[in-house]
Amino acid sequence: MTAADFRVREFFEIFAEASGELQLDLLDYCFADPFLSAGPGGTQAVPKDVFLAALPRRARAFADAGVGPAALTSLDETRLDEHYLMVRTGWDAPRWDGGAPVHLESSFLLHDDGDRLRIVLYLNHQGL
């Protein structure tokens with residue numbers, strides 16, 4: 001594992017923990033402002049504060065569906081140039097009823113300014 005690989009893995013470990021525990025200050029640190037959010041329904045530019053304000057509703061939607069916070073299960077990164085990386089991730093969210101976890105996949109375009117990584121594109125490959 002290279003230093004760059006470690007840096008990306010560490011970033012996503014922090015992102016996963018912050019997402020699971022709704023640590024909005026850490027999530028704020030992870031995203032560019034604005035960033036692009038994309039999924040099966042299309043793409044939109046999202047102001048970071050709007051996104052952060054929506055996260056508790058998203059957590060409730062998961063809970064209402066009987067699904068817990070997702071845990072990072074896979075990470076595959078591709079450096080595009082000296083400033084950008086594409087990272088495809090896999091996540092498993094436990095079902096409260098004990099059934100098979102819900103598997104989710106998402107990709108992220110990260111900007112690397114040399115000091116820190118920031119999410120500039122968040123692509124959800126499927127909905128819950």
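Let's start at a bend in the road: Leu22 sits in the loop between α1 and α2. The model you are looking at is predicted, and this residue is a friendly place to begin the tour. Phi of Leu22 is near 50°, which is a positive value in a residue other than glycine. Is Leu22 buried or exposed? Neither word fits, because its relative accessibility is 32%, and that counts as partly exposed.

Now step back and take in the whole chain. Its secondary structure comes to three helices and six strands. If you walk along the sequence, you meet them in the pattern α-α-β-β-α-β-β-β-β. The radius of gyration is 14 Å, close to the 14 Å that the globule rule gives for 128 residues, so the chain is as compact as a globular protein of that length. Along its principal axes, the C-alpha trace spans about 45 × 35 × 25 Å. Of the 128 residues in the chain, 32% are buried. You can also ask how the sequence folds back on itself: among contacts between residues at least 6 apart in sequence, 47% join residues at least 24 apart.

Next, look inside. The largest nonpolar core has 28 residues, and those that touch the most other members are Phe12, Phe15, Phe31, Phe51, Leu110 and Ile119. Many elements take part: α1, α2, β1, α3, β4, β5 and β6 each supply at least two residues of this core. Which element gives the most? That is α1, with six residues. Try picking out Phe12 in the structure. Leaving aside residues up to four places away in sequence, Phe12 touches Leu72, Leu75, Val87, Thr89, Phe108 and Leu110.

From the core, let's turn to the empty spaces. Rolling a probe the size of a water molecule over the atoms shows where empty space is left. The largest pocket has a volume of about 800 Å³. It is lined by 32 residues, and the closest to its centre are Leu55, Arg58, Phe62, Tyr122 and Asn124. Two or more lining residues come from each of α1 (3-21), β1 (31-39), β2 (42-46), α3 (48-64), β5 (102-112) and β6 (117-124). The largest share of this lining, eight residues, comes from α3. What kinds of residues make up the lining of the largest pocket? Sorted by class, there are 21 nonpolar, nine polar and two charged residues.

The second largest pocket has a volume of about 160 Å³. You can find it by its lining residues: Arg7, Glu10, Phe11, Ile14, Tyr29, Cys30, Asp115, Arg116 and Leu117. The elements that give two or more residues to this lining are α1 and α2 (24-30). Here the largest share, four residues, comes from α1. By class, the lining of the second largest pocket has five nonpolar, no polar and four charged residues.

One last stop takes us to a detail of the backbone. The peptide bond from Asp33 to Pro34 is cis, with omega near -5°. Where does Pro34 lie? Look for it in strand β1. That strand has come up before on this tour, as one of the elements that supply at least two residues to the largest nonpolar core and as one that gives two or more residues to the lining of the largest pocket.

Key:
Residues are numbered from 1 along each chain as its sequence is written. This is a predicted model: local features need pLDDT of at least 70, side-chain atom pairs count only at pLDDT 80 or more; totals for chains, interfaces and linings use all residues. Side-chain values use heavy atoms; hydrogens and water are left out. On a 1 Å grid over the protein atoms alone, a cavity is a set of points where a 1.4 Å probe fits but cannot get out, and a pocket is an open set with protein on both sides within 12 Å along at least five of seven lines; lining residues have an atom within 4 Å of a point. Grid points are joined across faces, edges and corners, and a volume is the space filled by probe spheres set on the points. Ala, Val, Leu, Ile, Met, Phe, Trp, Tyr, Cys and Pro count as nonpolar, Asp, Glu, Lys and Arg as charged, and the others, Gly among them, as polar. A nonpolar core is a set of buried Ala, Val, Leu, Ile, Met, Phe, Trp, Tyr and Cys residues joined through side-chain atoms within 4.5 Å. Buried means under 20% relative accessible area, exposed over 50%, partly exposed in between (1.4 Å probe, protein chains only). Contact means heavy atoms within 4.5 Å. The radius of gyration is taken over C-alpha atoms; the globule rule is 2.2 Å times the number of residues to the power 0.38.
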